[in-house]
Amino acid sequence: MSITVRLPGPLRQLAEGRTVVDLDGRPATAGAALAALRRQYPTVYHRIVTEQGDVRPHINVFVGDEDIRSLAGLETPVVDGTEIVILPAVSGGA
Amino acid sequence: MPKSASGIVADSGDVVLMVGTTKGAFLLRADRTRRSWALDGPHFPGEEVYAVALDQRGGRRVLWAAPGNPFFGTTLRRSEDLGATWSGQQDVTVQFPEGSGLSLKRVWQIRPGRASQPDHMLIGVEPSCLFESTDGGASWTPMAGLLNHAHRPKWTPGAGGMCLHTVIPDPANSDRTLVAMSTGGVYRSDDGGGSWQARNRGVRAEFLPDKHPEFGQCVHKIAQHPARPERLFLQNHWGLYRSTDWGDSWDDIANGVPSDFGFAMAVHPHDPDTVFIVPLESDMFRCVPEAKLRVFRTRNAGDSWEPMSSGLPQQDAYETVLRDSLDTDGLDPAGVYFGTRSGRVWGSADDGTSWLLIRDGLPPVTCVKAAALA
């Protein structure tokens, strides 16, 4: 089992067309998982996270069914088999 | 899905309009008569584009655009085939340093540098800062003198955001560059960007208790003719000004305009005394005065202004022209162009005397840049 990240449509072209990325290693938190994603697809990471290390305001990162903002943020634990889901928030549309 | 953009086919002497909107960028092409325009776009559909540019220095022909959206941030893209393809999607070249506490929100201005330095470029961004490239835009570095400026904690965002929207390098002196931000006002460096001094003397801040602070003004746009680099024209958030000393001091030139509130300003490409503006009624009602769409033109450097209305709607025109949505094309007679928040693009092929509707039905226009292809 590994930890995976499911990407929204606009980011898949930046990850060789992948919908789901299997992360290398065994990150223990959501933040560590995003850091692992950065090593594999740095451009995808920068579309999700600002240069100051914050998840962009209109991007939601889910662990299971919960937005990590309502859990422990980037310190939210992840375990083998966790799917992290990246989704644009409804607040960002124009 | 919108139809895909394929770029434009154009020859030397043709005129290209680059139009940024809240939902993508569009390219328009005409021959030098400027009577008929072909549209290509949207490029970057769904993304806002507040800055575009065409760099023709050193024999190149490079289009630049800065698409972005609230979800995934902003990128800087370039095309060497007039929009057929764009590079830069995978690049993350414009970033504030980690630990600065600042994150890029939007690129407001793409400014190719001096003709004598064809690999030098500058961009103005939100939050207010100036980035510099010395390799033709491949890599970018924030200018530390502005990044760490002592005034930064007191700069506050205007309605459009905390933006550095105007970048004016001195064509003759590579150590001098002037920028304007909203709010913050005018700053100038005379030492290659190492230090920046506020240059707002005479410019009022109607929205502050002290109407003439050292800085904090809400400057909307500054225009300059390269043949008279020391003379600058400034459209303020209430106020229309001229400086004859590179911004050391500013004098009111709102002589006969229906309002001195507005955003857009452009100087004639061949006559340094001719400047175009589109006044708006007020900060509380940001539409053209009396619902008449008029471009005001001075031919005497602001001593007087005349309304240009031929071909433009003169009733029920609730139009707004934003700060970078007015430009000229360099031909003689000059083409003058502007775009509105209602998605219309207007053009004049006779120095602004008469106008034609070039395009209707676009998304809200955020910027217009025009150029004749070399």
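**Notes on the two-chain model**

1. Let's start with the packing. The largest nonpolar core has 102 residues, and the ones with the most contacts inside it are L17(B), V19(B), V52(B), V107(B), A264(B) and V368(B). There is also a second, separate core, this one of 25 residues, with V5(A), L11(A), A30(A) and V44(A) among its members. Keep in mind throughout that this is a predicted model.

2. V19(B) is a good residue to click on. Setting aside neighbours within four places in sequence, V19(B) is in contact with A25(B), F26(B) and L28(B), and also with G339(B), V345(B), L362(B), V365(B) and V368(B). V368(B), like V19(B), is on the list of residues with the most contacts inside the largest core.

3. Now the sheet around that spot. In chain B, 4 strands make an open antiparallel sheet, ordered β3-β2-β1-β28. β3 (38–43) and β28 (365–372) of chain B are the edge strands: each has a single partner, so one side of each is left without a neighbour in the sheet. From one strand to the next, the twist averages 15 degrees.

4. Inside that sheet, β1 (residues 15–21) and β2 (residues 24–30) of chain B run antiparallel and are joined by 7 bridges. If you want a register marker, use M18(B), which stands opposite L27(B) in β2(B). When you look at either strand side-on, remember that side chains in a regular strand alternate between the two faces of the sheet.

5. Elsewhere in chain B, have a look at N236(B), which lies in strand β17 (residues 232–236). Is this asparagine buried or exposed? N236(B) has 29 other C-beta atoms within 10 Å, and the cut-off for buried is 20 or more, so N236(B) counts as buried. Not counting residues up to four places away in sequence, N236(B) touches V203(B), the run Q217(B), C218(B), V219(B) and H220(B), and Y241(B). F261(B) is 25 residues away along the chain, yet the C-alpha atoms of N236(B) and F261(B) are separated by 6.7 Å.

6. On to chain A, which has 3 helices and 5 strands. Along the sequence the pattern reads β-α-β-α-α-β-β-β. For 94 residues, a compact globule would have a radius of gyration near 12 Å, and chain A agrees, at 12 Å. The C-alpha trace of chain A spans about 40 × 30 × 25 Å along its principal axes.

7. How much of chain A is buried? The figure is 32% of its 94 residues. As for contacts in chain A between residues at least 6 apart in sequence, 52% join residues at least 24 apart.

8. β5 (residues 83–88) of chain A deserves a look, with pairings of both senses. β1 (residues 4–6) of chain A runs parallel to β5(A), with 3 bridges joining them; here V5(A) has I84(A) as its bridge partner. V5(A) also turned up above, as part of the second core. β3 (residues 59–63) of chain A pairs with β5(A) in the antiparallel sense over 5 bridges, and there the bridge partner of I59(A) is P88(A).

9. Last, the interface. Which residue numbers are involved is best checked on screen, but the count is 13 residues of chain B in contact with 14 residues of chain A. On the chain B side, the residues that touch chain A break down into 5 nonpolar, 6 polar and 2 charged.

Notes
Residues are numbered from 1 along each chain as its sequence is written. Chains are lettered from A and ligands numbered from 1 in the order in which they are written. This is a predicted model: local features need pLDDT of at least 70, side-chain atom pairs count only at pLDDT 80 or more; totals for chains, interfaces and linings use all residues. Two strands pair if DSSP finds at least two bridges between them. Helices (H or I, at least four residues) and strands (E, at least two) are DSSP runs, numbered from the N terminus. Axes are lines fitted to C-alpha atoms, for helices over the stretch in contact, and angles run from 0 to 180 degrees between N-to-C directions. Two residues are in contact if their C-beta atoms, placed from the backbone, lie within 7 Å. Ala, Val, Leu, Ile, Met, Phe, Trp, Tyr, Cys and Pro count as nonpolar, Asp, Glu, Lys and Arg as charged, and the others, Gly among them, as polar. The radius of gyration is taken over C-alpha atoms; the globule rule is 2.2 Å times the number of residues to the power 0.38. A residue is buried if 20 or more other C-beta atoms lie within 10 Å of its own, exposed if 12 or fewer, and partly exposed in between; C-beta atoms are placed from the backbone. A nonpolar core is a set of buried Ala, Val, Leu, Ile, Met, Phe, Trp, Tyr and Cys residues joined through C-beta atoms within 7 Å.
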